[in-house]
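Hi,

Here is the structure I said I would pass on to you. Have a look at it first, then read my notes below.

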Amino acid sequence: MDKYIENYGKYTKRVRMLYVCSLLLFVFLAVFEYVCSEKIFAAIGALACGVVMYVVIKLLQKADDDFISEVVAAMSDLLDNLSELKRQQVFPENDDSLVSRLQSKVDKIIDALKLQNSRERLEHENIKGLVSDLSHQLKTPISNLRMYTDFLKNPDISDDERTRYLQVLELAVERLSFLSESMIKVSRLESGLINLDVKSQSINDTVLQAVKDVYVSAKNADITIRYDEQVKCDIQHDRRWTAEACFNLLDNAIKYGKTGSEIVLSVRKLGLTVEISVTDENEPIGEDERTHIFERFYRGRNSGDKDGVGIGLYLSREIIEKQGGMLSVIPQKGGNKFVIVLQSR
């Protein structure tokens with residue numbers, strides 16, 4: 001601020017000095033004309049020309065000052081647009097002047113800030129939804145912990161009752177543990193705290209990793225997993241998280257599967273994409289539910305008393321979409337087919 005005042009003072013002094021010098025020059029020329037020609041009218045004419053030139057210069061300076069003031073006012077409007085994040089034409093857009101290029105850059109900044117604000121609002125809504133969903137999911141296990149802990153404090157309960165209460169507490173603790181681990185995964189993935197390690201590697205090995213992780217569950221449920229490998233290839237993907245997505249699909253099929261049923265895990269290439277599908281023999285998902293099963297904490301009508309909180313399919317979709325792929329469900333005759341599509345290049 002002090003530097004601006006100092007520079008402005010120097011500028012006004014220079015302008016005044018130039019005006020004084022111009023007047024002295026015109027006076028000198030008038031005197032010189034009179035001395036040389038000894039004609040008073042010639043001297044007066046020269047002095048008059050000097051005065052006219054002085055007035056013209058004054059008018060030119062005023063015009064420049066007015067123009068600069070208009071530009072500054074327009075710049076102020078442009079800054080107001082930036083502060084209010086609204087695009088409004090202040091300078092001509094088709095003009096290749098400096099101010100027009102400045103306006104173009106300001107418009108780009110406004111667009112970027114709008115996009116950032118939109119993302120922040122979306123993240124804020126996601127966090128609100130996450131907290132709301134989490135609090136809802138925590139109510140039941142926490143209530144069970146409190147209630148059955150009070151039951152155990154009763155010294156008159158039988159050994160059978162004590163064993164039954166401890167089993168309920170154990171299930172509640174397992175549910176809380178599973179819920180907390182799942183929510184940590186979801187929150188880290190949604191907030192961008194996890195950087196996917198995407199690189200070219202065998203998709204077949206990734207899928208088989210998921211099979212190994214669910215093998216025991218499938219064996220205990222007397223469900224067979226048939227691996228249909230139609231292609232072997234390397235594609236760009238994150239092994240750990242893609243295996244997590246495949247695991248969730250397989251685990252979901254096993255959880256709702258029938259004893260003695262079969263799950264077909266297939267890997268095949270379709271043009272520039274690779275398709276990973278999990279086909280089960282479970283009850284077909286209704287058309288009205290297909291748009292909801294990938295929502296966070298959604299559980300279908302056939303979930304019944306099955307363990308789970310409705311995060312697996314949601315997490316799988318998030319993982320696949322963050323790698324530029326798609327996850328969908330296709331009803332089959334006597335089952336469902338979950339399909340992951342990833343770019344092969």
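**What I found**

Let's start with a pair of strands: β1 (residues 199–202) and β3 run antiparallel to each other, paired over four bridges. Before we go on, keep in mind that this is a predicted model. Within that pairing, glutamine 201 sits opposite isoleucine 235 of β3.

Now follow β3 (residues 234–237) along its length, and you'll see its side chains alternate. Which of them are buried? Ile235 and His237 are, and they point to one face. Asp234 and Gln236 point to the other face and are not buried.

Stepping back for the overall picture, the protein chain has seven helices and seven strands. Reading from the N terminus, the order is α-α-α-α-β-α-β-β-α-β-β-α-β-β. The chain has 345 residues, and 30% of them are buried. If you take the contacts between residues at least 6 apart in sequence, 69% join residues at least 24 apart. The accessible surface comes to about 22,500 Å², and carbon and sulfur atoms account for 56% of that.

Next, a look at helix α6 (residues 239–255), where you'll find asparagine 248. Is asparagine 248 buried or exposed? Its relative accessible area is 9%, so it counts as buried, the cut-off being under 20%. And what does asparagine 248 touch? Leaving aside residues up to four places away in sequence, it touches Gly312, Leu315 and Ser316.

The same goes for charged side chains: they are worth a tour too. A search of the whole structure turns up eight salt bridges. Here are some of them:

- Aspartate 251 and lysine 255 meet through their side chains at 3.9 Å, N to O. They are four residues apart in helix α6, which means about one helical turn separates them. Aspartate 251 is partly exposed at 22% relative accessible area, and lysine 255 is partly exposed at 25%.
- Arg268, Glu275 and Lys337 are joined into one network by salt bridges that share partners.
- Arginine 226 and glutamate 262 form a salt bridge between their side chains at 3.4 Å, N to O. Arginine 226 belongs to strand β2 (residues 224–229) and glutamate 262 to strand β4 (residues 262–270), so this pair ties together parts that are 36 residues apart in sequence. Arginine 226 is partly exposed, with a relative accessible area of 40%, and glutamate 262 is partly exposed too, at 26%.
- Aspartate 150 and lysine 153 meet in a salt bridge at 3.8 Å, N to O. Aspartate 150 is partly exposed at 46% relative accessible area, whereas lysine 153 is exposed at 63%.

Why does lysine 153 count as exposed? Because its relative accessible area is 63%, and the exposed class is anything over 50%.

One last spot to find on the surface: Val51, Val55 and Leu59 make a nonpolar patch of about 250 Å². Where is valine 51? Look in helix α2 (residues 40–84). With a relative accessibility of 43%, valine 51 counts as partly exposed.

If you want a place to begin in the viewer, try β3 and its two faces, then move on to asparagine 248 in helix α6.

Cheers

Conventions:
Residues are numbered from 1 along each chain as its sequence is written. This is a predicted model: local features need pLDDT of at least 70, side-chain atom pairs count only at pLDDT 80 or more; totals for chains, interfaces and linings use all residues. Side-chain values use heavy atoms; hydrogens and water are left out. Buried means under 20% relative accessible area, exposed over 50%, partly exposed in between (1.4 Å probe, protein chains only). Contact means heavy atoms within 4.5 Å. Two strands pair if DSSP finds at least two bridges between them. A salt bridge is a side-chain nitrogen of Lys or Arg within 4 Å of a carboxyl oxygen of Asp or Glu. Patches are made of residues with over 30% relative accessible area and no salt bridge: like charges are joined within 9 Å, nonpolar side chains (Val, Leu, Ile, Met, Phe, Trp, Tyr) within 5 Å. Accessible areas come from the Shrake-Rupley method with a 1.4 Å probe; for residues, only the protein chains shown count as cover.
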